[in-house]
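Subject: Structure handover

Dear colleague,

Here is the structure I said I would pass on. My notes on what was found in it follow below.

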Amino acid sequence: MRKVLRAAAIGAVSAGLTLAPSVAQATPGGPGVTGKTLAHWTTSRWDYSLREITIPPGQGTGWHYHDGYLYAYVKQGTLSHFNATCASDGVYEKGDYLKEPPGAEHVHIGQNRGAVNVVLEVLYVLPHGAPFAEDAPDPGCEPK
């Protein structure tokens, strides 16, 4: 098990790490937003999942938050990231990394405002049994 954990961690770091949901688990995820699990391991307290998330042009993850930390690497495209006040809290291009903190006070949405798919590699570090994302209501503002 230790070798699997080490190999997955090394793979995540060398690949750049990774972000987001299966068919986006948020309110509501856009059509075609997908997630593929590349590796998964569990300790007594934590689930570690390495996933590849694809967001087509013009789509987004939907409003959501996470119960643990996410570490993401932008493999392709440009991700526009917004917080619950609809203020931009980052624009991440190919080769960039981002970290999403846990908790309902960190509601956010990721959008693809470009012309090519956004592809993210995301490492989820979640309490054992937690979902990849928790849906959050639309705050009623248009992300700027």
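Residues 1–26 need a caution before anything else: pLDDT stays under 50 throughout this stretch. The model nevertheless has 76 contacts for residues 1–26, counting those beyond four places in sequence. Please bear in mind that this is a predicted model. Over the protein the mean pLDDT is 86, and 81% of the residues reach 70 or more.

Salt bridges

How many salt bridges does the structure hold? There are 2. Lys 75 pairs with Glu 52, with 3.2 Å between the closest N and O atoms. This pair links distant parts of the chain, since Lys 75 sits in strand β4 (residues 69–76) and Glu 52 in strand β2 (residues 46–55), 23 residues apart. Lys 75 also meets Glu 121 in a salt bridge, at 3.2 Å from N to O. Here too distant parts of the chain are linked: Glu 121 belongs to strand β9 (residues 118–127) and is 46 residues apart from Lys 75. Glu 52, Lys 75 and Glu 121 are thus linked in a network of salt bridges.

The three residues can also be described by their accessibility. Lys 75 is partly exposed, with a relative accessible area of 36%. Glu 52 is partly exposed as well, at 21%. Glu 121 counts as buried because its relative accessibility is 8%, under the 20% limit.

Nonpolar cores

The largest nonpolar core has 15 residues. Those with the most contacts inside this core are Ile 53, Ile 55, Leu 79, Leu 98, Leu 120, Val 122 and Tyr 124. Strands β2, β4 and β9 are the elements that give two or more residues to the core. Which of the elements gives the most? That is β9, with 5 residues. Another core lies apart from this one and has 7 residues, among them Trp 63, Tyr 65, Val 107 and Ile 109.

Glu 100

Glu 100 is found in strand β7 (residues 97–100). This residue is buried yet has no salt bridge. The nearest side chain of opposite charge is that of Arg 51, 11 Å away. What does the side chain of Glu 100 make a polar contact with? The partner is the side chain of His 66, at 2.9 Å.

Asp 47

Asp 47 is found in strand β2. Asp 47 counts as buried because its relative accessibility is 8%, again under 20%. Leaving aside neighbours within four places in sequence, Asp 47 is in contact with His 40, Trp 41 and Thr 42 on one side of the numbering, and with the run Tyr 124, Val 125, Leu 126, Pro 127, His 128, Gly 129 and Ala 130 on the other. Two of these residues have polar atoms close to the Asp 47 side chain at listed distances. The side chain of Thr 42 is joined to that of Asp 47 by a polar contact of 2.9 Å. The backbone nitrogen of Gly 129 lies 2.7 Å from a polar atom of the Asp 47 side chain. Gly 68 is 21 residues from Asp 47 in sequence and 9.5 Å from Asp 47 in space, C-alpha to C-alpha.

Two loop residues

Lys 94 is found in the loop between β6 (88–93) and β7. Is Lys 94 buried or exposed? Lys 94 is exposed because its relative accessible area is 63%, over the 50% limit. Not counting residues up to four places away in sequence, Lys 94 touches Val 74, Lys 75, Gln 76 and Gly 77. One of these, Gly 77, is 17 residues from Lys 94 in sequence and 5.6 Å from Lys 94 in space, C-alpha to C-alpha. Lys 75, another of the residues touched, is the lysine of the salt-bridge network with Glu 52 and Glu 121.

Cys 86 is found in the loop between β5 (78–83) and β6. Phi of Cys 86 is near 70°, a positive value in a residue other than glycine. Cys 86 is buried, with a relative accessible area of 1%.

Regards

How values were computed
Residues are numbered from 1 along each chain as its sequence is written. This is a predicted model: local features need pLDDT of at least 70, side-chain atom pairs count only at pLDDT 80 or more; totals for chains, interfaces and linings use all residues. Side-chain values use heavy atoms; hydrogens and water are left out. A salt bridge is a side-chain nitrogen of Lys or Arg within 4 Å of a carboxyl oxygen of Asp or Glu. Helices (H or I, at least four residues) and strands (E, at least two) are DSSP runs, numbered from the N terminus. Buried means under 20% relative accessible area, exposed over 50%, partly exposed in between (1.4 Å probe, protein chains only). pLDDT is the predictor's confidence in each residue, from 0 to 100. Contact means heavy atoms within 4.5 Å. A nonpolar core is a set of buried Ala, Val, Leu, Ile, Met, Phe, Trp, Tyr and Cys residues joined through side-chain atoms within 4.5 Å. Lys and Arg count as positive and Asp and Glu as negative; His and the chain ends are not counted. A polar contact is a pair of N or O atoms within 3.5 Å; within protein, one must be able to donate a hydrogen and the other to accept it, and residues adjacent in sequence count only if both atoms are side-chain atoms.
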